[in-house]
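This note sets out comments on the structure below as numbered points. They take one chain by itself, then the interface, then individual charged residues.

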Amino acid sequence: MSNALSSSSRPGQGEDDQDLIKRLAYDSDRAAFQCLFLRFGPRVKALMIKSGADADVAEDLVQDVMITVWRKAELYEPARGSVAAWIFTIARNRRIDRLRRQSPHAYEDIDDLDLESPDADGEETVQARQRKTLVFEAMAELPPDQQRVIEMSFIEDMPQADIAQKLGVPLGTVKSRMRLAYGKLRERLEDVT
Amino acid sequence: MKIAHHPDRATLMSYAAGSLDEAFATVVATHLASCAECRSRIRETEEIGGNLLEAIDAVPLDAAAFERAMRRLNEPVETLVEPEQRKPSLSRPLARLVGGGLDDVAWKTVAPGVAMHRLPTSKAARGSLRLLKIAPGKKNSRTRSRRHGDHPGPYGILPRCVRTVRPR
């Protein structure tokens with residue numbers, strides 16, 4: 001299994017994920033759910049631990065996140081983005097709720113907005129799939145200081161002010177690193193679309 | 001209202017990451033609810049999260065984790081029935097917090113032409129959230145109206161967060 005897992009971190013696996021989600025949505029296929037569970041569960045657990053959860057809480061959150069994946073599979077809209085990004089958002093919202101004890105409504109309201117508009121044609125779906133790979137490439141090219149800031153905010157759940165404090169740089173520097181990273185990403189996506 | 005101001009790129013990044021404080025996240029969400037362009041930027045930015053999630057060093061799950069999840073699949077699901085209260089003037093993040101409609105808000109006048117209403121946030125939120133009602137032609141000096149544009153009226157309704165620094 002470790003082989004399957006490490007090879008799955010390559011970009012381009014998104015098609016398989018989308019097939020799995022489809023099988024979940026249309027056939028309530030438990031084998032497909034198991035594949036997704038084994039692929040994403042351990043990663044969601046790692047994410048929660050890096051966000052400050054202990055192992056037991058992280059394990060509970062994996063349950064919540066994966067059950068949500070099962071229940072919401074039919075709402076997943078490929079035009080919105082990759083399955084990995086979708087699962088990240090579910091994990092992010094659970095993290096806000098459980099680890100930070102704040103309301104995730106501000107996120108859920110917006111997440112649902114796009115789920116409600118299935119205006120995707122085939123072309124859009126392909127673009128969305130390609131988007132993940134392009135973002136991957138753009139991220140790989142970022143200087144380490146920008147990568148670090150992104151990782152601290154997406155994975156370690158740190159507000160900008162905390163990142164600044166931990167890195168010993170002014171808040172403005174954190175913001176500008178984020179803006180630069182964002183700019184790089186946009187550049188890459190605009191080249192293609 | 002025509003949107004003259006979009007959130008800063010760093011703010012969009014932090015929103016996608018989920019690392020904004022609740023009050024600030026609500027302000028951003030209110031913008032996103034009515035700005036398809038920023039919403040699609042957010043979707044792109046969330047791909048960063050997707051890629052990082054895939055690249056993370058996985059931590060093995062408890063041996064019984066999958067069976068535990070399978071048992072839960074059969075549990076009945078509680079679904080929240082939301083009252084349909086989406087008045088055209090209020091986006092969903094705000095409608096939820098305001099309760100009824102804008103007519104029901106207990107506005108408190110804080111300056112000529114400016115009324116305020118405090119919105120609820122979780123206990124753990126670091127900043128507080130206020131809704132401002134600004135008469136046409138009034139400038140919202142605290143948020144630099146130049147960036148937000150003048151409010152074409154009848155009234156500008158703006159959610160604003162006031163950040164208080166408290167140790168986490």
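1. Of the 168 residues of chain B in this predicted model, 49% count as buried. The chain contains 6 helices and 4 strands. Their order along the sequence is α-α-α-α-α-β-β-β-α-β. When contacts between residues at least 6 apart in sequence are considered, 52% of those in chain B join residues at least 24 apart.

2. Confidence in chain A should be stated alongside any reading of the contacts. The average pLDDT of chain A is 86, and 85% of the residues score at least 70. Residues 1-12 of chain A fall below a pLDDT of 50, although this stretch has 17 contacts in the model beyond near neighbours in sequence.

3. The interface can be described first by its extent. In general, the size of an interface is often expressed as the accessible area lost when the parts come together. Here chain A and chain B bury about 6,400 Å² between them, and 58% of that area is on carbon and sulfur atoms. On the chain A side 76 residues take part in contacts, and on the chain B side 60 residues do so.

4. Polar pairing across the interface comes next. There are 31 residue pairs in polar contact between chain A and chain B, counting pairs with both residues at pLDDT 80 or more. Which helices of chain A each supply at least two residues of the side that touches chain B? They are α3 (30-50), α4 (55-72), α5 (83-98), α6 (105-115), α7 (122-140), α8 (144-154), α9 (160-167) and α10 (171-192). The most is given by α3(A), with 15 residues. By residue class, the side of chain A that touches chain B divides into 34 nonpolar, 13 polar and 29 charged residues.

5. Salt bridges deserve a separate comment. As a general matter, side chains of opposite charge can pair when their charged atoms come close. The structure holds 23 salt bridges over all chains, and 7 salt bridges are found across the interface of chain A and chain B. One salt bridge is formed by the side chains of A:R92 and B:E46, at 3.0 Å from N to O. A:R92 belongs to helix α5 of chain A and B:E46 to helix α3 (residues 36-55) of chain B, so this pair joins two chains. Both A:R92 and B:E46 are buried.

6. B:E46 also has a partner within chain B. B:R43 forms a salt bridge with B:E46, and the closest N and O atoms are 2.9 Å apart. Both B:R43 and B:E46 lie in helix α3 of chain B, separated by 3 residues, about one turn of the helix. B:R43 and B:E46 are both buried. Elsewhere, salt bridges that share partners join A:D17, A:R39, A:K132 and B:E54 into one network.

7. Within chain A, the pair of A:D157 and A:R95 merits attention. Their side chains meet in a salt bridge at 3.8 Å, N to O. The pair links distant parts of the chain, with A:D157 in the loop between α8 and α9 and A:R95 in helix α5, 62 residues apart. Are these two residues buried or exposed? A:D157 has a relative accessible area of 4%, which is under the 20% limit, and therefore counts as buried. A:R95 has a relative accessible area of 0% and is likewise buried.

8. The surroundings of A:R95 extend beyond the salt bridge. Leaving aside residues up to four places away in sequence, A:R95 touches A:L47, A:M48, A:S51, A:F88, A:R100, A:S153, A:F154, A:I155, A:D157 and B:A17. A:R95 and A:L47 are 48 residues apart in sequence, and their C-alpha atoms are 9.4 Å apart in space.

9. A final residue for comment is A:R186, which is located in helix α10 of chain A. Its relative accessible area is 13%, so A:R186 counts as buried under the 20% limit. What does A:R186 touch, not counting residues up to four places away in sequence? The residues touched by A:R186 are B:R41 and B:E44.

How values were computed
Residues are numbered from 1 along each chain as its sequence is written. Chains are lettered from A and ligands numbered from 1 in the order in which they are written. Side-chain values use heavy atoms; hydrogens and water are left out. Contact means heavy atoms within 4.5 Å. Buried area is the accessible area (1.4 Å probe) that two parts lose on being put together, summed over both. A salt bridge is a side-chain nitrogen of Lys or Arg within 4 Å of a carboxyl oxygen of Asp or Glu. A polar contact is a pair of N or O atoms within 3.5 Å; within protein, one must be able to donate a hydrogen and the other to accept it, and residues adjacent in sequence count only if both atoms are side-chain atoms. Ala, Val, Leu, Ile, Met, Phe, Trp, Tyr, Cys and Pro count as nonpolar, Asp, Glu, Lys and Arg as charged, and the others, Gly among them, as polar. pLDDT is the predictor's confidence in each residue, from 0 to 100. Buried means under 20% relative accessible area, exposed over 50%, partly exposed in between (1.4 Å probe, protein chains only).
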